[in-house]
Amino acid sequence: IVLPVGHLLWETAQLPLFPIPGQSQAGDARTMVFAPYLMDRIDMGRFQVLAGARLDSLDFEEKLVPTDRDATKLSPLGGLVFEPTRGLSLYASAGSAFGPPSSLVVGEREPEESWQIEAGIKKKFLGGKAFATAAYYHLDKDNIGIPDASGVTRQTGNEIDEFVTEA
């Protein structure tokens, strides 16, 4: 079981180096994130089950454009790994995320939310010194700072990685 204490993120704007009259923007946003999480892996021979959750607590404040947001949400995640033969793994995972609103957009800002699923295959070579991974994923994001016309951003794609360690 992994239980980190979380992290804090502070973001604040700085004055411009060369202000241009009538063209400069002012801003001063502060974001604090506290996000402890719990994760466990259960090994059942050729199967592994991963389960966890992250509790995000956000505090966002923008003084010049009066915005103050406090939000808390639990983001679950889970996965399954199957190892049909030694050095070959098939996996699937799903999870959600929750993050502070962008400080780059003026106006209403809601916390960004996302949901992702992924499935793939991983093969080890050369006695574990090299591996290759191929994966498919789908990601939905809501409340992003600059969305497309639908207000939701969707990404679907494939990923292929190779890695070799030095002997």
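Student: Which residue lies over the face of Phe131?

Tutor: This is a predicted model, where local features need pLDDT of at least 70, side-chain atom pairs count only at pLDDT 80 or more, and totals for chains, interfaces and linings use all residues. Residues are numbered from 1 along each chain as its sequence is written, and side-chain values use heavy atoms, with hydrogens and water left out. A charge sits over a ring if NZ of Lys or CZ of Arg is within 6 Å of the ring centre and within 35 degrees of the ring normal. At 4.4 Å from the centre of the Phe131 ring, the residue over its face is Lys122.

Student: And how far is the charged end of Lys123 from the centre of the Phe125 ring?

Tutor: Here the charged end of Lys123 sits over the ring of Phe125. Its distance from the ring centre is 5.9 Å.

Student: Lys122 again: which pocket does it help to line?

Tutor: Look for Lys122 in a lining that also includes Glu83, Arg86 and Lys124. A pocket is an open set of points on a 1 Å grid where a 1.4 Å probe fits, with protein on both sides within 12 Å along at least five of seven lines, and lining residues have an atom within 4 Å of a point. Lys122 helps to line the second largest pocket.

Student: Which strands each supply at least two residues of that lining?

Tutor: Strands are DSSP runs of E, at least two residues long, numbered from the N terminus. For the second largest pocket, the ones to pick are strand 5 (88–99) and strand 6 (112–125).

Student: How many strands are there in the protein?

Tutor: Going from the N terminus, the elements run β-β-β-β-β-β-β-β. There are zero helices, and the number of strands is eight.

Student: Is Asp56 buried or exposed?

Tutor: Find Asp56 in strand 3, residues 47–62. Buried means under 20% relative accessible area, exposed over 50%, and partly exposed in between, using a 1.4 Å probe and protein chains only. Asp56 has 1% relative accessibility, so it counts as buried.

Student: Why does Ala53 count as partly exposed?

Tutor: Ala53 is in strand 3 too. Ala53 counts as partly exposed because its relative accessibility is 23%.

Student: How far apart in space are Ala53 and Met39, C-alpha to C-alpha?

Tutor: Along the sequence, Ala53 and Met39 are 14 residues apart. In space, their C-alpha to C-alpha distance is 6.7 Å.

Technical notes
Helices (H or I, at least four residues) and strands (E, at least two) are DSSP runs, numbered from the N terminus.
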